[in-house]
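Work through the exercises below with the sequence and the 3D view at hand. Try each task before you read its solution.

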Amino acid sequence: MPVRTQAVGLLAAGLAHDLNNMLAAIITTIELVAERSANEDDRLDLQSAVDQAARASQLIRQLLAFSRQETLNPVVVDLSAIMLALQQNCTATVGRDIRLDLVAAPPVFVKIDTTAFERILVNLLLNARNAIRECGRAQGRIRVSCRRLTAAELPSNGRSFMPDKSYGCLTVEDNGPGIAPDIAARIFDPYFTTRDSGHGLGLSSAFGLVKQSGGFLLCDDSLLGGARFSIYLPEVAEEIRPTTVPRKGCGNVIMLVDDELLLRMSAARALERLGFRVRQAADGEAALARLETERPALLISDIRMPGIDGVELARRARAHHPGLPVLLVSGFADERARVAIPGVEAGFLEKPFTTKRLEEAVLHLLDHGNAHPASH
């Protein structure tokens, strides 16, 4: 990895945790205030504040993505199904002036973090949209398609390094000007951009997320006349089972552990409004003391805390209560924690999160236990 990328990665790592803690507290607190407001104008203003906080967090995610320091929580999904599920978002990203075609294929199952996949797809669509508009194309067109490739069908520009196996492939292609040969080798470099208003993080973060997911992102010429970006993810044999209808809190006890007081209090209020009873702790030691006398339905813990971190807390909690469902949350997890998370079979929720995402993650773990960690 280039020295500059390493330096920015270290900077992002140092800032992301604290910034995302603050943003998570801001978002959840605003949402709680919005729920109490009967004035529609106030609710719209508060939602605008939430949207701005989410945009700030997106920049942090991009920095972590291209430096490959983001914690991912991959699940098995049908590539065509997830593409079609994002159709509305894709259409809004491209705009009404460009024709967007989504071409589905028979089911092909891959393993990827669904939130990361959405960001990858949006980045590729934005790149295609901007290329079309900047070249003044009268009738812009973008096509997103899925297919399954066997080992014998690997692309010529990937045969030298892609393992011989079957892949799920998602392709984004456009009828823009294409990629000039003299810059083709640099398009995935962080900070490289040919646009005056660009920041050079879109394609580099997409590349980093695909690579971190065990896949490949390649670029070549499109039959539409412009550029074609193809995501190749190894095919998996497993299929996700339909989820059951989530239930509300029903008085279940949740142990919530976070050293950020404001975030802990706002998250606790959100959970209590769902019908849960929340036990709060400011650190791992206090949480373990309470766990000795009570088994909660779920343990929610920040990863980075003074003293006992969230991963170690999960292990010790299960020593007292085997099989205890655990949801780990963080704005950033260091290398040791990222490696350890799969080993503790815990769900993961990325900060900052909305109350809706917190609810979904909690209910998913309560319905499914540790077998299928919740996605962020």
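The exercises that follow deal with helices, salt bridges, a surface patch and some distances.

**Before you start**

This is a predicted model, in which local features need pLDDT of at least 70, side-chain atom pairs count only at pLDDT 80 or more, and totals for chains, interfaces and linings use all residues. Residues are numbered from 1 along each chain as its sequence is written, and side-chain values use heavy atoms, with hydrogens and water left out.

**Exercise 1. Check the span of helix H7 (residues 261-273) against its number of residues.**

Step 1. Know the term: helices (H or I, at least four residues) and strands (E, at least two) are DSSP runs, numbered from the N terminus.

Step 2. Find the rule. The expected span is 1.5 Å times one less than the number of residues.

Step 3. Apply the rule. H7 has 13 residues, so 18 Å is expected.

Step 4. Compare. The end C-alpha atoms of H7 are 18 Å apart, which agrees.

Step 5. Look at burial. Buried means under 20% relative accessible area, exposed means over 50%, and partly exposed is in between (1.4 Å probe, protein chains only). In H7 the buried residues are Leu-263, Arg-264, Ser-266, Ala-267, Ala-268, Ala-270 and Leu-271.

Step 6. Step past the end. Just after H7, Gly-275 has a positive phi of about 100 degrees.

**Exercise 2. Find which residues of helix H9 (residues 310-320) are buried, and work out how they are placed around the axis.**

Step 1. List them. Gly-310, Val-311, Leu-313, Ala-314, Ala-317 and Arg-318 are the buried residues of H9.

Step 2. Place them. They cover an arc of only 160 degrees around the axis, so they sit on the same side of H9. The arc is taken from the directions from the helix axis to the C-beta atoms.

Step 3. Find the cap. Asp-309 caps the N-terminal end of H9. A side-chain oxygen of Asp-309 lies 3.3 Å from the backbone nitrogen of Val-311.

Step 4. Locate the capping residue. Asp-309 is in the loop between strand S10 (298-302) and H9. With a relative accessible area of 12%, Asp-309 is buried.

**Exercise 3. Find the salt bridges of Glu-312 in H9.**

Step 1. Start from the principle. Side chains of opposite charge can pair when their charged atoms come close.

Step 2. Set the cut-off. A salt bridge needs a side-chain nitrogen of Lys or Arg within 4 Å of a carboxyl oxygen of Asp or Glu.

Step 3. Take Arg-315. Glu-312 and Arg-315 form a salt bridge at 3.9 Å, N to O. They are 3 residues apart in H9, so about one helical turn separates them.

Step 4. Take Arg-316. Glu-312 and Arg-316 form a salt bridge at 3.1 Å, N to O. They are 4 residues apart in H9, about one turn of the helix.

Step 5. Check exposure. Glu-312 is partly exposed at 29% relative accessibility. Arg-315 is partly exposed at 43%. Arg-316 is partly exposed at 39%.

**Exercise 4. Which parts of the chain does the salt bridge between Arg-143 and Glu-173 tie together?**

Step 1. Confirm the pair. The closest N and O atoms of Arg-143 and Glu-173 are 3.0 Å apart.

Step 2. Locate both ends. Arg-143 lies in strand S4 (residues 140-149) and Glu-173 in strand S5 (residues 167-174), so the pair ties together parts that are 30 residues apart in sequence.

Step 3. Check exposure. Arg-143 is partly exposed at 22% relative accessibility. Glu-173 is buried at 4%.

Step 4. Widen the view. The structure holds 9 salt bridges. Arg-99, Asp-101 and Arg-141 are linked in a network of salt bridges.

**Exercise 5. Which residues make the nonpolar surface patch of about 250 Å²?**

Step 1. Name the members. Leu-19, Met-22 and Ile-26 make the patch.

Step 2. Know the rule. Patch residues have over 30% relative accessible area and no salt bridge; like charges are joined within 9 Å, and nonpolar side chains (Val, Leu, Ile, Met, Phe, Trp, Tyr) within 5 Å. Accessible areas come from the Shrake-Rupley method with a 1.4 Å probe; for residues, only the protein chains shown count as cover.

Step 3. Check one member. Met-22 is in helix H1 (residues 3-36). At 45% relative accessibility, Met-22 is partly exposed.

**Exercise 6. How far apart in space are the C-alpha atoms of Phe-188 and Gly-208?**

Step 1. Locate Phe-188. Phe-188 is in the loop between S5 and helix H6 (202-212). Phe-188 is buried, at 19% relative accessible area.

Step 2. Give both separations. Phe-188 and Gly-208 are 20 residues apart along the chain, and their C-alpha atoms are separated by 8.9 Å.

Notes. A polar contact is a pair of N or O atoms within 3.5 Å; within protein, one must be able to donate a hydrogen and the other to accept it, and residues adjacent in sequence count only if both atoms are side-chain atoms.
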